[in-house]
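I opened this notebook to record what I looked up in the model and what came back. The entries follow the order in which I checked things.

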Amino acid sequence: MSPEPTEFSRIREALEAIARSGPSDAVCVPPEAIWDAANGAATAIEVERVAAHALACAACAEAWRLARDLA
């Protein structure tokens, strides 16, 4: 079952809030990329790029976990 449009808005806001809490000098991947990578909607190369970033960025790692939990 897919989330409703309002749920997508809340998920996006949560992912963006987490991304904003990261280091200001980090170039984070967009929340949509995290969502797609965590839920099988991204290519293998995109998943690898997001995962590599999440390993180095605590905020994006938390966003990844949130996306996986909400899927």
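Before noting anything about a helix, I fix the term: helices are DSSP runs of H or I with at least four residues, numbered from the N terminus. With that in hand, I looked just past the end of α2 and found Gly40 with a positive phi of about 80°. I also note that this is a predicted model.

**Entry: overall layout**

I counted the secondary structure and got four helices and zero strands. Read along the sequence, the pattern is α-α-α-α. The protein has 71 residues, and 30% of them count as buried. I then looked at contacts between residues at least 6 apart in sequence; 63% of these join residues at least 24 apart.

**Entry: helix α2**

How much of α2 is covered? I found six of its eight residues buried, so I enter α2 as mostly covered, with buried meaning under 20% relative accessible area. The buried residues are Pro31, Ala33, Ile34, Trp35, Ala37 and Ala38.

**Entry: Trp35**

I picked Trp35, which sits in helix α2, residues 31-38. Is Trp35 buried or exposed? Its relative accessible area is 16%, and because the cut-off for buried is under 20%, Trp35 is buried. Which residues does Trp35 touch, beyond those up to four places away in sequence? I listed Phe8, Ile11, Leu15, Ala67, Leu70 and Ala71. I also took one C-alpha separation: Trp35 and Leu66 are 31 residues apart along the chain and 8.9 Å apart.

**Entry: the nonpolar core**

I looked up the largest nonpolar core and found 14 residues in it. Those with the most contacts inside this core are Leu15, Val29, Ile34, Trp35, Val50 and Ala67. Helices α1 (5-20), α2 and α4 (58-70) each supply at least two of the core residues. The largest share, five residues, comes from α2. For context, I add that nonpolar side chains tend to be buried together in soluble globular proteins.

**Entry: α2 against α3**

I compared the axes of α2 and helix α3 (residues 44-56): they come within 9 Å and cross at roughly 115°. The two helices are therefore roughly perpendicular to each other. The crossing of α2 past α3 is left-handed. On the α2 side I found Ala33, Ile34 and Ala37, which meet Val47, Arg49 and Val50 of α3. By class, this contact has five nonpolar residues, no polar ones and one charged.

**Entry: α2 against α4**

Next I took α2 with α4, whose axes are 9 Å apart and pack at an angle of about 50°. That makes α2 oblique to α4. Here α2 passes α4 in a right-handed crossing. The α2 side of the contact consists of Ile34, Trp35, Ala37 and Ala38. The α4 side consists of Cys60, Ala63, Trp64, Ala67, Arg68 and Leu70. I sorted the contact by class and got nine nonpolar, no polar and one charged residues.

**Entry: α3 against α4**

The axes of α3 and α4 come within 5 Å, and they cross at roughly 125°. That angle makes α3 oblique to α4. I logged the crossing of α3 past α4 as left-handed. From α3, the contact uses Val47, Val50, Ala51, His53, Ala54 and Ala56. From α4, it uses Ala58, Cys60, Ala61 and Trp64. The class count is nine nonpolar, one polar and no charged residues.

**Entry: His53**

I returned to His53, which lies in helix α3. At 17% relative accessibility, His53 counts as buried. What does His53 touch, not counting residues up to four places away in sequence? I found Val27, Cys28, Val29 and Cys60.

**Entry: Ala14**

Last, I checked Ala14, in helix α1. Its relative accessible area is 26%, and I enter Ala14 as partly exposed. Its C-alpha is 9.1 Å from that of Pro31, and the two residues are 17 apart in sequence.

Notes. Residues numbered from 1 in each chain as written. Predicted model: local features only at pLDDT ≥ 70, side-chain atom pairs only at ≥ 80, totals over all residues. Heavy atoms only, no water. Buried < 20%, exposed > 50% of the residue type's maximum accessible area, 1.4 Å probe, protein only. Axes fitted to C-alpha atoms, helices over the stretch in contact; angles between N-to-C directions. Parallel < 35°, antiparallel > 145°, perpendicular 65-115°, else oblique. Left-handed = near helix turned anticlockwise from the far one by under 90°. Contact = heavy atoms within 4.5 Å. Nonpolar A, V, L, I, M, F, W, Y, C, P; charged D, E, K, R; others polar. Core = buried A, V, L, I, M, F, W, Y, C linked by side-chain atoms within 4.5 Å.
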